Amino acid sequence: MIKRKSVFFLTCLLLLAGAAQAQVWPWFNWTILPSAQFDEIVGEASGDTAWKTIMEIGGYAKDRPAEEFKDLFYEVKYVLGQLRKYGIPGAEVVKFPGGQSWKGILGELWEVAPMRQKLASYLDMASMLASGSTNADVKAELVWVGRGTKEELQGKDVKGKIVVAEGNLGAVHNLACAQMGAEGVIAISTSRNTFDPLQIPWSGIGGRGEAPAPAKFGFWLPFREGYYLKERLLRGDKITVHARVKSQTLPYEVQDVTAHIPGSDPNAGEIVFSAHMFEGLLKQSGNDNSSGCAGILEVARTLNTLINEGRLPKPKRTIRFIWGPEFSGTGPWAKANKAIMEKTLCNINFDMVGEWLSRNYSFMSLMRTTFGNPHYINDVVENYFRYVGETNREKLQNRGNFPYKMSRRIVAPTGADEPFYYAIETHYGASDHEVFNDWGVQVPGIMMIAWPDQWYHTSGDHVDKSDPTALKRVVAIAAASAYTIANADDDMAIRIISETASNGTRRLGHYLARGFEDLNNSEAKALADAYTAARSYVEAGLINEKATLDSVMELAVDKTRVGAHITAMKRAVEAVGQAELAALDAQMRAVAGRLKSQPVKLVPGALEMKAAKIVPRPTSKVKENGYQGYRDLINKVPEEARKKYAVPAQAVDTLELSRLIDGKNSVLDIKKLLDAQSARKSDLQQILDYIEILKLAGLVEFRETKAEPLTGRSGQLRIS
Ligand SMILES: [Zn+2]
């Protein structure tokens, strides 16, 4: 009787989850904000304005004048000027200590015999001169060395000559120049040469002390031009060139620009936008990341205009903006603004958002937070992504419905009239949202990024690959997301809770699918492991979904009312998860039947028992010194202890492990939460070891509980 009842319950819930997954219909799409407000934002957001900003600050790569190093950098001045022109409050430049930067002055590579012709010039393309190159005035013969590997260089007389190679300029330089006495390197770029034979990677020869011997010089040739040189050398032509290089090293300071749109209640929290303005001072690129800088500038202008003109009510919460060098600018800023970080609810980071999507074969992607930073920001942004994506492609059902084939067409006047190719993805770091997501900061941050980018990190990354339509759409999505949160009252909090809950049931469906597949693909002897893993995905998903629902509480004024709704939705999500665990049990039995083996009986081992009872809790020292500040304490743990509890760098994602320590997750939960987000399985003992180091560093305390794996917070292991 109990069994039949639960199967019926399961069927209902899975149908519910299925409905949530197919949440997109050709005739029904929705936004969290009332459509009148969203329309106002879409109308005001100008992709063309953002495109022009890219043109201004990253339209092409130029030789940055030495004077800029003594004053404000060009991009900094431009963004600051626009913020002031737009009348956005608090616009200022904040400076932090910088370092030394290599800067090219002259880079001329001429063939002098048998022909006289220019092969490369720093003035033609700044990326042609490898960064780190040092002064030279050399006439030398060229030698073809293939890919310039150790094997290919062996036996070749390169001393006093300039080697020509296809491959990694820095690596060839280290072998041929530093070890074998060559005068310099010419490298032929092969990156994406079948797509665009004109692009050159931004790279150098480690002129900042990284090379094993003093750096000489390197020139890059694009594939198209390099091909001619290669063919001539392979024919046996003797070619002599004259290389002239001048460079200097200049001190620089880190310059950030910030501004904010003040909310009506300074205690209600803030939202922070970020975009890296530099990636080194040499590389100046259109989409990476002038587009992000232009994008958040246009978000600022759009919201400020709408609020000032009374077209949107003044929000309760402040919306802040930061532009600066990737990590090296946002990191110190977050560290220096601890009080702001304490009251900041979430971060939206733009890194490469201007791509003309079809030309790049690209998807505009929402990179969610990890389980270590559960937050409703994911669901708020996803809502607008989905809305714009689903209403900006022609659907077969709508084919006869002109002029409403695209049900809510959002296109910039000079931009592409193409679908919004979008993707909702799991977390990826490597940009400034990681400053906010850091254990020492704990402001959940998402990234919006177009990927792939066919001109990424090359000389081809210019504004001609950017699209005003893509920019208009991301600006509208991000502005709507930030405004939703900034202006959220209790009713809006409840609206967000429902969005998170329905998305949560869909995500749980994905964990179930992964669990089913682990079981389906298992062999008899591995079935117990497969079953444990399958359950752990759903259990981890459940922990994350419930924590995400809890995160909405920070918006509540009437905590009782909003809290009651969170509890109700957590109960619904829990019921779906429990039904899925029952489904996994049924699947495991079916698979065991096929494999002619016994159904799995899960019996926790001593280590699982131990891990289930330990609930580590972060101490106040974790956030005391802000971004990455806790690292100093880890480094101070005695060498002996660090050796004893050493965890191989690739074995466990220690960054995420640390973030999962919240005083609620047991160590066994943490393992599940790590494994559900990764292709690899972490080792429970190694997790315990790393937590031991954190404990010795004073960053973590233990709370022993009576919980057992069988009765843990998500019904972890269960004898079936
Ligand atoms: Zn970037």
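Thirty-four residues matter here: the largest pocket of this predicted model is lined by 34 residues. Nearest its centre lie Thr369, Thr370, Thr426, His427 and Gln677. Four elements each give two or more residues to this lining: strand E12 (422-425), helix H15 (490-520), helix H22 (654-659) and helix H23 (667-675). H15 gives the most, with five residues. The volume of the largest pocket is about 830 Å³. By residue class, its lining holds eleven nonpolar, ten polar and 13 charged residues.

The second largest pocket contains about 690 Å³ of space. Its lining counts 28 residues, and Gly372, Pro374, Ala547, Asp662 and Lys664 are the closest to the centre. Strand E10 (344-350) and helix H16 (527-551) are the elements that give two or more residues to this lining. H16 supplies the largest share, six residues. The lining of the second largest pocket divides into eleven nonpolar, eight polar and nine charged residues.

The table sets out both pockets.

| Pocket | Volume | Lining | Top contributor | Lining classes |
|---|---|---|---|---|
| Largest pocket | about 830 Å³ | 34 residues | H15, five residues | eleven nonpolar, ten polar, 13 charged |
| Second largest pocket | about 690 Å³ | 28 residues | H16, six residues | eleven nonpolar, eight polar, nine charged |

Conventions. Residues numbered from 1 in each chain as written. Predicted model: local features only at pLDDT ≥ 70, side-chain atom pairs only at ≥ 80, totals over all residues. Heavy atoms only, no water. 1 Å grid on protein atoms, 1.4 Å probe; cavity = no way out; pocket = protein on both sides within 12 Å on 5 of 7 lines; lining within 4 Å. Points joined across faces, edges and corners; volume = space filled by probe spheres on them. Nonpolar A, V, L, I, M, F, W, Y, C, P; charged D, E, K, R; others polar.
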